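Please explain how this chain is arranged, taking the surroundings of its pocket as the starting point and then following the strands and the helix.

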Amino acid sequence: MGHSVTTCEVHSLSMSPKLVDLTYGMRYDTPMDEARPALFPHANEPYDTRACMGVQQTKARVYVCPLCTKAHSAWLQANNAS
Ligand SMILES: [Zn+2]
């Protein structure tokens, strides 16, 4: 309790609701998956369900933190990933 879903737990910033793409498909963890929870849990990026079931929807409403989005971009540049 005491945890608001609209505040980023990493940056303590208010987040804005946003509609993002959903991606599907089972896969192994990537280095980004390991960095995400601590560095940019609420970046503006497609929401990866990692589900192998049939696609029922293609968009998800998520909350986006501006500093997570920045940290995500910085991580991509630092790690030369895409
Ligand atoms: Zn954040």
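Strand S3 makes the greatest contribution to the lining of the largest pocket, supplying three residues. In this predicted model, the space inside that pocket amounts to about 260 Å³. Its lining comprises 15 residues, and those closest to the centre are Arg36, Pro41, Glu45, Pro46 and Tyr47. Helix H1 and strand S2 also take part, since H1, S2 and S3 each provide at least two lining residues. In chemical character, the lining is made up of seven nonpolar, seven charged and one polar residue.

The strands that contribute to this lining, S2 and S3, can next be followed through their pairing with strand S1. S1, which spans residues 16-23, runs antiparallel to S3, residues 59-64, and six bridges join the two. Within this pairing, Val20 has Ala60 of S3 as its bridge partner. S1 also pairs with S2, residues 47-48, here in the parallel sense and over two bridges. Opposite Thr23 stands Asp48, a residue of S2. S1 is thus joined to S3 by antiparallel pairing and to S2 by parallel pairing.

The helix remains to be considered. H1 covers residues 31-39, and Pro37 lies within this helix. Is Pro37 buried or exposed? Pro37 counts as exposed because its relative accessibility is 54%, and the exposed class begins over 50%. Pro37 also has a defined spatial relation to Glu9: the two residues are separated by 28 residues in sequence, while their C-alpha atoms lie 9.8 Å apart in space.

Conventions: Residues are numbered from 1 along each chain as its sequence is written. This is a predicted model: local features need pLDDT of at least 70, side-chain atom pairs count only at pLDDT 80 or more; totals for chains, interfaces and linings use all residues. Side-chain values use heavy atoms; hydrogens and water are left out. Helices (H or I, at least four residues) and strands (E, at least two) are DSSP runs, numbered from the N terminus. Buried means under 20% relative accessible area, exposed over 50%, partly exposed in between (1.4 Å probe, protein chains only). Two strands pair if DSSP finds at least two bridges between them. On a 1 Å grid over the protein atoms alone, a cavity is a set of points where a 1.4 Å probe fits but cannot get out, and a pocket is an open set with protein on both sides within 12 Å along at least five of seven lines; lining residues have an atom within 4 Å of a point. Grid points are joined across faces, edges and corners, and a volume is the space filled by probe spheres set on the points. Ala, Val, Leu, Ile, Met, Phe, Trp, Tyr, Cys and Pro count as nonpolar, Asp, Glu, Lys and Arg as charged, and the others, Gly among them, as polar.
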